[in-house]
Amino acid sequence: MSKVLAILGELSNRDIDWMIANGSKEKITTNTILIHEGQPIDALYIVLDGTMKAYVASVGNQEIGIITSGEILGEMSFVDGRLPSATVKAIENTLILSIPKQKLNEKLEQDVLFSLRFYRAITKFLSTRLRGTVTRFSEHQNLLYQDTYKNDNTEKLTDNSTVAKSRFEALMERLKSS
């Protein structure tokens, strides 16, 4: 969950209100593929509850990660405009918030402050994910940054961890009631 806290710690309450108002809750059943490697996607996803796995065909469908509550999906394709580099499949029933790419792009173009906060949050999120990936796949962990060993250390991700946690709880409550 710490990864979504990095994002929510950067966004304002108004930003989160916009995401809830313009996104939609979706239930993804076990074994359903949400993202297909090499195929376009039209949304950014936040995993609210459940577990998914990511795997890559070019390495024999090897699992490259487990995605749990609070993770963001589709952010790389959103940022760089390229097709997804992995397939993401639900390994248990999962609840996501789906934010349409078109609406998000319009918001980013119209609201400069939202854009600044959003891209700063995504940058921190991607940095944390990359550090975690490097740690997992490195044979020489003693050469890596020491803070990568504890990737769930929310305080390293955001200075607003208390605010971010309360925003995530409020987000979950609002989505449960809708």
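Reader: Is Ser 77 buried or exposed, and what is its relative accessible area?
Author: The structure is a predicted model, in which local features need pLDDT of at least 70 and side-chain atom pairs count only at pLDDT 80 or more, while totals for chains, interfaces and linings use all residues. Residues are numbered from 1 along each chain as its sequence is written, and side-chain values use heavy atoms, with hydrogens and water left out. Because buried means under 20% relative accessible area (exposed is over 50%, partly exposed in between, with a 1.4 Å probe and protein chains only), Ser 77 counts as buried, its value being 7%.

Reader: Which residues does Ser 77 touch, not counting those up to four places away in sequence?
Author: Ser 77 belongs to helix 3 (a DSSP run of H or I, at least four residues, numbered from the N terminus; strands are E runs of at least two). Taking contact as heavy atoms within 4.5 Å, and leaving out residues up to four places away in sequence, the residues that Ser 77 touches are Ile 41, Arg 82, Leu 83 and Pro 84.

Reader: What distance separates the C-alpha atoms of Ser 77 and Ala 43?
Author: Ser 77 in helix 3 and Ala 43 stand 34 residues apart along the chain. In the model, the separation between their C-alpha atoms is 9.5 Å.

Reader: What percentage of the contacts with a separation of 6 or more joins residues 24 or more positions apart?
Author: The chain has seven helices and eight strands, and 46% of its 178 residues count as buried. Among its contacts with a separation of 6 or more, the share from residues 24 or more positions apart is 74%.
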